[in-house]
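This briefing takes up the salt bridges of the structure shown below and then turns to the contact between its chains. Please read it with the coordinates at hand.

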Amino acid sequence: MAPAECEATYKVLVLGDSNVGKTCIVHRYCDQTYYDTYISTIGIDFKQKIISLDGTPIKMQIWDTAGQERFRTLTTAYYRGAMGILLMYDVTNQESFNNLTYWLKNIEENASPDVIKVLAGNKCDAVSQRMVEQDMGQKLAENYDIPFYEVSCKQNINIDKIFLTLARHIREQRSYQQLTEREHYDSGQNGNITLDLKSRILEHTSLKEPWKCTC
Amino acid sequence: MWPQDILSKLGQIPDDPNSQPDYRFDEFGFRVEEEDGPEQNSNKLLGVPLMEDAQDRLKWLAHLEFSHNNDSSDLTWERVELRLPKTDKLRQMAREGIPHSLRPQLWMRLSGGLEKKINSEMSYRDIVKVSSNDALATSKQIEKDLLRTMPSNACFSNMNSTGVPRLRRVLRGLAWLYPDIGYCQGTGMMAASLLLLMEEEDAFWMMCTIVEDLLPASYYSSSLIGIQADQRVLRTLICSYLPDVDITLKQHDIELSLITLHWFLTVFASVVHMKILLRIWDMFFFDGSIVLFQITLGMLKIKEPTLRNLENSAQIFNALSDIPGEIDDVEQLLKVSLEVACSLTEVVIETHRRRHLAYLMTDQGALVGNPESAPNLPKQHLTRLAAIILGFIASIFYHLGFACVKILNPYRRK
């Protein structure tokens with residue numbers, strides 16, 4: 001599929017502590033490859049994948065970041081224009097889970113306020129080394145009201161699913177945004193057009209409660 | 001450590017998941033990917049093994065003998081000065097490439113590494129001893145990265161590889177010596193590259209020289225402010241030396257530092273082929289950080305015509321990221337680099353640096369502190385630390401009734 005045919009490009013950041021598997025998930029998702037060892041990421045890297053979101057071609061632009069703490073001072077540049085964030089921890093590493101609150105704070109401070117987040121607990125295949133139980137991740141995700149999956153890059157568990165969830169939420173967010181922007185633009189002009197547009201978008205995105213204002 | 005020695009051992013390690021006995025390795029111990037049949041393709045790097053020209057070697061030896069050895073006895077490394085004077089002639093020779101067999105000795109003498117090693121009051125052995133603590137946070141971070149540094153190299157591919165304990169010791173030593181840096185990801189790439197051709201102790205002192213003398217302050221510290229300033233300097237230089245590239249970057253709103261930060265952070269160790277790296281480092285150990293700018297400008301210049309034909313920012317971003325890995329003609333790279341940056345001097349860079357550092361410090365407020373007042377603390381610091389720590393250890397042992405002499409014996413373990 002040629003890039004030009006894509007309806008939209010979604011910029012997604014993968015964040016989380018060092019060695020939780022950020023590079024791994026990007027390669028698994030975009031290239032369908034898995035290796036035990038990757039060179040630790042310094043700076044940033046990105047890969048693209050074209051997906052079909054309920055029949056609509058979407059280009060996912062996935063940015064792989066460095067996990068080491070000092071590189072977070074550079075994150076303002078990373079965050080620019082990010083629509084979605086895949087926040088990741090390693091279920092075999094308690095510290096990587098504990099640091100999630102730090103990451104969420106960092107996201108809140110730097111990312112756009114309506115950025116879409118999902119939480120991934122990686123390496124769920126490593127049963128014997130597990131340190132963080134699934135309900136811990138679940139509880140945290142519920143607290144922050146973000147979707148959560150345990151994933152395994154090694155065994156390809158939930159990888160497509162989590163990115164698809166992210167993409168779907170980004171689409172909902174964007175159509176809602178466009179709608180409110182349009183509404184704003186149209187206010188004072190022809191009301192019929194606005195209505196018409198609303199119903200069209202409603203149909204298109206199948207949002208459950210598109211009119212509920214969250215502010 | 002010689003990759004050849006390690007290769008012979010490789011067959012004896014049965015359970016390495018990522019390597020198979022039928023892989024081919026190049027002269028540096030890197031696994032060779034043979035999918036494309038490297039001999040047939042146009043890539044000069046893969047096709048031609050690293051060969052040393054005997055004539056070149058003679059030229060270097062003659063130069064060393066002529067300029068630094070006044071008596072008529074045979075030339076030995078002991079007679080060559082610790083630090084070679086930086087003449088234009090020598091610079092030219094370094095740019096043409098140092099014969100590979102002389103690199104370990106010459107890099108030490110061009111960069112100031114040997115001087116540092118000899119003048120240090122604390123030996124590498126002592127540093128290794130005091131820094132060998134598994135429980136430190138830095139040790140844990142280092143441990144995570146040991147196999148993620150050069151996984152495709154036989155010397156670093158698994159925990160039994162010979163390079164791994166050496167890399168661990170060097171990185172722990174650096175983290176101990178520079179507490180304001182600790183362990184910074186990326187330094188491992190440089191250390192591992194050095195370990196492929198130098199003795200562990202020399203590699204360590206080369207790393208110290210890079211951190212203290214060749215690069216500006218705060219390149220690796222937790223604020224990374226020194227390297228951030230250099231990214232802005234680079235951006236300014238592109239504006240004047242490569243206006244077309246500048247326009248492209250502006251038009252497509254590309255934050256170049258996302259790409260070039262790790263080129264600078266690892267002095268290209270993570271991004272170019274080893275054979276290219278050696279030549280860049282021949283220059284870097286002679287001239288220092290100016291080489292980062294020369295080479296980066298050169299790489300961008302080479303890619304300039306391609307960039308013009310690209311339509312969207314993603315393509316441009318990718319094309320820029322791919323530049324170092326695609327370089328296969330080192331002579332062309334160096335030629336273009338020195339041409340495009342021919343008027344670039346240390347003074348120009350330093351002026352921009354001060355300006356950008358000031359901006360960054362204003363942006364980041366008091367969090368950062370003044371890097372001028374806390375540079376990466378060279379030898380005085382080392383000496384002071386050594387004195388404090390040895391004094392401390394000595395006093396403990398004294399109270400325990402040991403003779404102090406014993407602790408100063410480097411071979412003795414606690």
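## Salt bridges and the chain interface

Over all chains, a search of the whole structure finds 34 salt bridges, and the model in which they are found is a predicted one. Several of those discussed here lie within chain B and join helices of that chain, whereas the rule finds 1 salt bridge across the interface of chain B and chain A.

**Salt bridges within chain B**

- Asp282(B) forms a salt bridge with Arg103(B), and the closest N and O atoms of this pair are 2.8 Å apart.
- Because Asp282(B) belongs to helix H15 (residues 274-287) of chain B and Arg103(B) to helix H5 (residues 103-111) of chain B, the pair ties together parts that are 179 residues apart in sequence.
- Buried means under 20% relative accessible area, so Asp282(B), at 0%, counts as buried, and Arg103(B), with a relative accessible area of 4%, is buried as well.
- Glu143(B) forms a salt bridge with Arg168(B), with 2.8 Å between the closest N and O atoms.
- This pair ties together parts that are 25 residues apart in sequence, since Glu143(B) lies in helix H8 of chain B and Arg168(B) in helix H9 (residues 163-177) of chain B; Glu143(B) itself is partly exposed, with a relative accessible area of 28%.
- Glu331(B) forms a salt bridge with Arg279(B), the closest N and O atoms being 2.9 Å apart.
- Here too distant parts of the chain are linked, with Glu331(B) in helix H18 (residues 330-340) of chain B and Arg279(B) in helix H15 of chain B, 52 residues apart.
- The two partners are covered to unlike degrees, given that Glu331(B) counts as partly exposed at 47% relative accessibility, while Arg279(B) counts as buried at 9%.
- A network of salt bridges links Asp88(B), Arg91(B), Arg95(B) and Asp287(B).

**Helix H5 of chain B**

- H5(B) is mostly covered, with 8 of its 9 residues buried.
- Among the buried residues of H5(B) are Arg103(B), Pro104(B), Leu106(B), Trp107(B) and Met108(B), and Arg103(B) is also the residue that forms the salt bridge with Asp282(B).
- Just after H5(B), Gly112(B) takes a positive phi of about 100 degrees.

**The interface of chain B and chain A**

- In chain B, 30 residues are in contact with 24 residues of chain A.
- The two chains, B and A, bury about 2,500 Å² between them, and 56% of this area is on carbon and sulfur atoms.
- On the side of chain B, the residues that lose the most area to chain A are Arg148(B), Gln185(B) and Leu258(B), which together account for 28% of what that side buries.
- Across this interface, Asp253(B) forms a salt bridge with Arg80(A), the closest N and O atoms being 3.3 Å apart.
- The rule also finds 11 residue pairs in polar contact across the interface, both residues being at pLDDT 80 or more.
- Helix H8 (137-145), helix H14 (257-265) and helix H17 (313-326) of chain B each supply at least two residues of the side of chain B that touches chain A, and H14(B) gives the most, with 4 residues.
- By kind, the residues of the side of chain B that touches chain A divide into 13 nonpolar, 12 polar and 5 charged.

Methods
Residues numbered from 1 in each chain as written. Chains lettered and ligands numbered in written order. Predicted model: local features only at pLDDT ≥ 70, side-chain atom pairs only at ≥ 80, totals over all residues. Heavy atoms only, no water. Contact = heavy atoms within 4.5 Å. Buried area = accessible area lost by both parts, 1.4 Å probe. Salt bridge = Lys/Arg side-chain N within 4 Å of Asp/Glu carboxyl O. Polar contact = N/O pair within 3.5 Å; in protein donor to acceptor, adjacent residues only side chain to side chain. Nonpolar A, V, L, I, M, F, W, Y, C, P; charged D, E, K, R; others polar. Buried < 20%, exposed > 50% of the residue type's maximum accessible area, 1.4 Å probe, protein only.
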